[in-house]
Amino acid sequence: MDQERWKRWIAIPSWPCPACQAGTYRIVFKTIQVTESRAERISQSDPSENHDDMVDRFVAHMKCDAPVCGETGTISGNRNTFRFWVPEEDDYQTEVSYEALSVIPSPLPFKIPPKVPRPIELKVREAATLFWIDQKAAASRVREAVEAILTDFGIPERNDKGGPLWLDTRIKLFRELDHGKWVEQADLIEAAKWIGNLGTHDTVTRDEALDAFEMLETVIEDVFVRARHDVLARARERNDKHRKPKLAE
Ligand SMILES: [Zn+2]
């Protein structure tokens, strides 16, 4: 995933489109509306305050640039206007950047391959929507996505007595599956789980939430894209073997 696009302050809010996952979903600058915050209004009337670094509120439309898609959305949050002196040009320059606190529909932190089962996809989409305003909640959803991956692998959710199985136990079972084929993915899942646990009990930084997304992305890619390519390659090999004698007849 491109973590740069998910930084707190960005000059041009734009991400891969959440609908077609091919076009670029970007802010429509002509629709931006800005309003001053109360703190900024008070600061502006105080001559002793720094007026070269202002934060106000904004809302705007989003649009996907792929003509066949054209998905639309909304974005809102804070806008920072920073004015600074450039001695070489003997003039001021202004830098404007945006902090998204809501993007609906939300862009996805990574491309979701078509093979990903719907319950896992829904958790990733929920995590992405929550990320802007609540990184803790986003990390918890990543943990739920991880649980859904284990369920898809047939790892039981309950023990013999009908009680819930701890996620640690489920990860251990996943680690032992297929003679240890998924050991690396189990490590990634375990680390994403730790970040998700922080989401339940502690604070989660923006970078930690992005790390959890990246771990989830790698697991999804390995499990639902590469592994299925492996099995597809074996299936095709087998089909070829059976078809060839027939062609020779
Ligand atoms: Zn699109």
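These legends walk through close-up views of a predicted model.

**View 1. Four cysteines hold a zinc ion.** Look for Cys-17, Cys-20, Cys-64 and Cys-69: each gives its SG atom to the zinc ion as a donor, from 2.3 Å away. If you trace these donors along the chain, you get the spacing C-x2-C-x43-C-x4-C. What arrangement do the four donor atoms around the zinc ion make? It is tetrahedral, because the angles they subtend run from 105 to 113°. For a yardstick, the ideal angle for four tetrahedral donors is 109.5 degrees.

**View 2. Two of the zinc donors, Cys-17 and Cys-69, come from distant parts of the chain.** Cys-17 sits in the loop between strand E1 (14–16) and strand E2 (24–27). Cys-69 belongs to the loop between strand E4 (53–64) and strand E5 (72–86), and 52 residues separate the pair. Is Cys-17 buried or exposed? Cys-17 is buried, because its relative accessibility is just 2%, and the cut-off for buried is under 20%. Cys-69 has a relative accessible area of 26%, so it counts as partly exposed.

**View 3. Strand E4 pairs with strand E5.** These two strands run antiparallel, and eleven bridges join them. To find your place along the pair, pick out Ala-60, which stands opposite Ile-75 in E5.

**View 4. Strand E5 also pairs with strand E6.** E6 covers residues 91–104 and runs antiparallel to E5, with 13 bridges joining the two. Here a handy landmark is Gly-77, which has Ala-100 of E6 opposite. E5 and E6 make up a hairpin, with four residues between them. Check out Asp-90 in that turn: its phi is positive, at about 50°.

**View 5. Two domains meet.** Now for the contact between domain 1, residues 1–107, and domain 2, residues 108–249. How far apart do the C-alpha centres of the two domains lie? The answer is 33 Å. Domain 1 brings 14 residues to the contact and domain 2 brings 17 residues. Between them, the domains bury about 1600 Å², with 53% of that area on carbon and sulfur atoms.

**View 6. Three residues stand out on the domain 1 side of the contact.** Which residues of domain 1 lose the most area to domain 2? They are Met-1, Trp-6 and Gln-21, and together they make up 48% of what the domain 1 side buries.

How values were computed:
Residues are numbered from 1 along each chain as its sequence is written. This is a predicted model: local features need pLDDT of at least 70, side-chain atom pairs count only at pLDDT 80 or more; totals for chains, interfaces and linings use all residues. Side-chain values use heavy atoms; hydrogens and water are left out. Donors are N, O and S atoms within 2.8 Å of the metal (3.2 Å for Na, K and Ca); water is not among the atoms, so sites may look incomplete. Four donors count as tetrahedral if all angles lie between 85 and 135 degrees; four count as square planar and six as octahedral if opposite donors are over 155 degrees apart and all others between 65 and 115; anything else is irregular. Buried means under 20% relative accessible area, exposed over 50%, partly exposed in between (1.4 Å probe, protein chains only). Two strands pair if DSSP finds at least two bridges between them. Domain bounds come from an automatic or database domain assignment. Contact means heavy atoms within 4.5 Å. Buried area is the accessible area (1.4 Å probe) that two parts lose on being put together, summed over both.
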